[in-house]
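User: I would like to go through a few local features of this model. Please give short reasons and finish each reply with the value or name.

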Amino acid sequence: MAALYEGYTLCGLVQAQNQSDSGIQGIESERDSDHVVVTDSTRSVTLYKVSDQKPLGSWTVKQGQTLTCSAVYNSHTKEYVAVSDNKVSSDVWRVHSVPGGEPVVLFQRGAVRLLDSLLSAPQQPVEEVLAQEEAIRWSTTVIAEAAQFVIFQTEQKGDHFLYLQRPNLNAVQRYRLEREEPGLSPLSFSASYRDKHINLLYLYPNGHVYQSVVSVRGPGMEEEAQALPLPRNLLFALPVGEGLLGAASALALDEAHVAVVGVPHPSAGAGKDFLCIWNTNFQTLQAGKEMSGKIYGQLWSYSSKLFIPHGKSLSVIPYECPKSSLASALGKLRQARTEGEMRKIHTNNNTEIKRTVSHLSLCYTSCTLSSTSTAPVEEVQREVEGLLSRSDIQELQPSVGQLASSLVSRSVADPAFYTPGTLAQLVHTQCLCHSVCPDLLLLALERKDYFLCQLCLQLFPDVPEAVTCACLKTFIRCSEKLSIVVVDAQGAVLPTVFFQHGLEVLQTAYSDTFLLPHLKDLSSQQVILFLQYLQFLYLRYSQDTFTQTHGLRSPTLTQIMDWVCLLLDAHFTVLVMTPEAKGLLLNLHRFVKSQVRLFSELGKIEGSLEELQKIKVKKEVGQYSIEVIELF
């Protein structure tokens with residue numbers, strides 16, 4: 001059965017002038033599966049590391065310029081490519097890139113050029129492939145039979161066409177799509193290559209999802225030739241409720257599964273938007289997740305993750321689409337280790353089959369959940385240890401989340417009940433994240449369980465910036481009350497609790513935009529203490545005299561300096577006006593100045609070091625030799 005897992009926010013959305021626009025122009029995979037390039041609809045391109053939910057870099061075009069197509073990564077030159085204000089040698093529709101392939105440029109009138117050949121002669125004439133009043137609506141590129149194909153769909157006076165073209169070749173394949181109901185145009189397209197054919201998937205406002213198969217060796221289009229008809233098959237008809245779909249998208253995940261967004265859930269009420277995965281072989285809905293806020297009809301998929309803008313955020317939803325049989329699609333697949341299990345099938349309008357779990361797992365977990373609400377601490381610990389000792393713990397991920405939520409709810413309601421060791425064990429399974437059990441970290445802070453706080457910060461990939469700052473403030477407030485301290489070389493007093501637990505705060509993923517407002521809530525004294533702590537850490541780590549402490553991971557120098565910059569950005573005016581901060585700011589200034597001088601000197605010898613690398617080492621060297629190397 002296909003599954004949608006707990007998602008997380010990658011970034012906020014830039015407010016677009018058009019309320020129906022998400023503000024995102026495109027999302028492209030970068031050099032590996034954990035990096036994506038996000039282009040907004042105005043002037044900015046941002047590189048994100050998906051697993052950390054952290055921006056690694058951002059670029060903006062000059063004031064007055066506008067990015068007119070999404071940026072792509074050129075793996076040949078290790079550079080990013082985008083187009084501003086449409087023009088190169090003619091108006092550009094989009095730049096496309098595939099892993100290991102050379103970027104190609106698709107012009108608005110249908111011509112295609114390899115990027116290198118275009119840059120070598122930017123003023124070259126560009127032919128017009130499209131007819132008058134014919135405009136491109138969608139495009140992509142795929143690798144088929146070791147060749148790169150540019151695919152684009154056009155519209156002309158209500159007729160829709162599909163083009164296949166290879167860069168630098170004159171042969172173009174042109175097809176006419178069959179007409180749908182009068183006035184209906186496709187809402188979305190996706191294309192993939194399998195079984196020696198290009199498979200095209202497209203969705204109409206009436207909920208019809210069609211598939212067309214195109215041969216990569218089809219006939220080329222001659223001048224004045226008529227477009228060939230493109231046969232299609234109706235994969236399935238999605239429920240659209242009353243009226244037609246507005247902003248919706250369908251995306252093929254594999255040969256049997258399609259992700260759909262902006263289409264009503266068959267069993268949900270009106271006004272709710274869902275992300276769903278349908279099995280096209282058996283016409284069943286296999287997974288669904290409600291998406292808050294407005295849906296914009298945009299959907300991307302990279303490395304088993306769906307990227308979907310909704311409301312005011314861009315979310316990342318991991319998914320899984322294992323191979324399915326009719327038995328598994330109907331929820332009747334038996335497993336040898338759970339012989340005699342019972343499955344409960346619930347159908348809605350004979351189309352939806354909800355996921356079921358094995359009777360054995362369900363009974364075991366239900367008993368455990370029941371005991372957590374009433375049993376003594378010792379009995380709860382025994383039940384949870386029994387659950388965690390199972391070899392299939394990863395398959396019980398939802399049960400672990402329910403169990404943790406049950407323990408947290410009881411701890412909140414009953415001040416006398418708390419199981420820190422059990423909660424730590426559940427966190428260690430890595431089946432939890434902040435989104436699954438959002439009250440866990442706050443409970444740990446309330447109970448002053450700093451070890452559990454540290455564990456959550458270390459293992460949860462989706463801790464909100466507000467909660468990160470709450471942990472930071474708690475550590476600082478506690479450190480101000482303790483008498484056990486350490487003193488750095490400059491005489492700065494650093495409480496040990498802050499010294500130990502502050503390390504995981506520094507390594508938590510964050511977005512500058514969402515973190516800065518919360519940092520501004522710190523008092524000037526708290527900011528000074530935190531800056532002293534960061535300065536102390538930087539000096540220790542940069543000198544390689546300070547290693548792992550109490551089994552904690554060490555923050556990188558970059559992470560430490562990022563936090564210094566964030567604090568200075570949030571409190572610059574306050575720090576300048578605070579007398580107690582003067583000495584600290586002078587120390588930071590002198591330190592940064594010395595670092596800049598050091599890097600400047602290193603830059604001067606960079607060329608010499610590169611020449612040393614180019615020198616070939618002689619294979620035969622005697623026992624004693626003198627070699628003179630001249631550096632210029």
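User: Is the crossing of helix 12 and helix 13 left-handed or right-handed?
Analyst: The model is a predicted one. Helix 12 covers residues 524–542 and helix 13 covers residues 557–577. Their axes lie 10 Å apart. The crossing of this pair is left-handed.

User: How do helix 12 and helix 13 run relative to each other, roughly parallel or roughly antiparallel?
Analyst: The two helices pack at an angle of about 155°. Angles over 145 degrees count as roughly antiparallel. Helix 12 and helix 13 are therefore roughly antiparallel.

User: How many nonpolar residues does the contact of helix 12 with helix 13 have?
Analyst: Helix 12 contributes residues including Val527, Phe530, Leu534 and Tyr538. On the side of helix 13, the residues met include Ile560, Trp563, Leu567 and Val574. The contact has no charged residues and 3 polar ones, and its nonpolar residues number 17.

User: Which strands stand at the edges of the open sheet with the order 9-10-11?
Analyst: This open sheet has 3 strands with antiparallel pairing. Two of its strands each have a single partner strand, so one side of each is left without a neighbour in the sheet. These edge strands are strand 9 (92–96) and strand 11 (112–114).

User: What is the average twist from one strand to the next in the sheet of order 9-10-11?
Analyst: The sheet is open, and its strands pair in the antiparallel sense. From one strand to the next, the twist averages 20°.

User: Which residue of strand 10 stands opposite arginine 94?
Analyst: Strand 9 pairs with strand 10 (residues 104–107) in the antiparallel sense over 4 bridges. Within strand 10, the residue opposite arginine 94 is leucine 106.

User: Is glutamine 53 buried or exposed?
Analyst: Glutamine 53 sits in the loop between strand 5 (44–49) and strand 6 (54–60). Its phi is near 50°, a positive value in a residue other than glycine. Most residues other than glycine have a negative phi. With a relative accessible area of 9%, against a cut-off of under 20%, glutamine 53 is buried.

User: Is lysine 448 buried or exposed?
Analyst: Lysine 448 lies in the loop between helix 7 (440–446) and helix 8 (450–459). Lysine 448 has a positive phi, near 55°. The relative accessible area of lysine 448 is 57%. Since values over 50% count as exposed, lysine 448 is exposed.

Technical notes. Residues numbered from 1 in each chain as written. Predicted model: local features only at pLDDT ≥ 70, side-chain atom pairs only at ≥ 80, totals over all residues. Heavy atoms only, no water. Axes fitted to C-alpha atoms, helices over the stretch in contact; angles between N-to-C directions. Parallel < 35°, antiparallel > 145°, perpendicular 65-115°, else oblique. Left-handed = near helix turned anticlockwise from the far one by under 90°. Contact = heavy atoms within 4.5 Å. Nonpolar A, V, L, I, M, F, W, Y, C, P; charged D, E, K, R; others polar. Pairing = 2+ DSSP bridges. Buried < 20%, exposed > 50% of the residue type's maximum accessible area, 1.4 Å probe, protein only.
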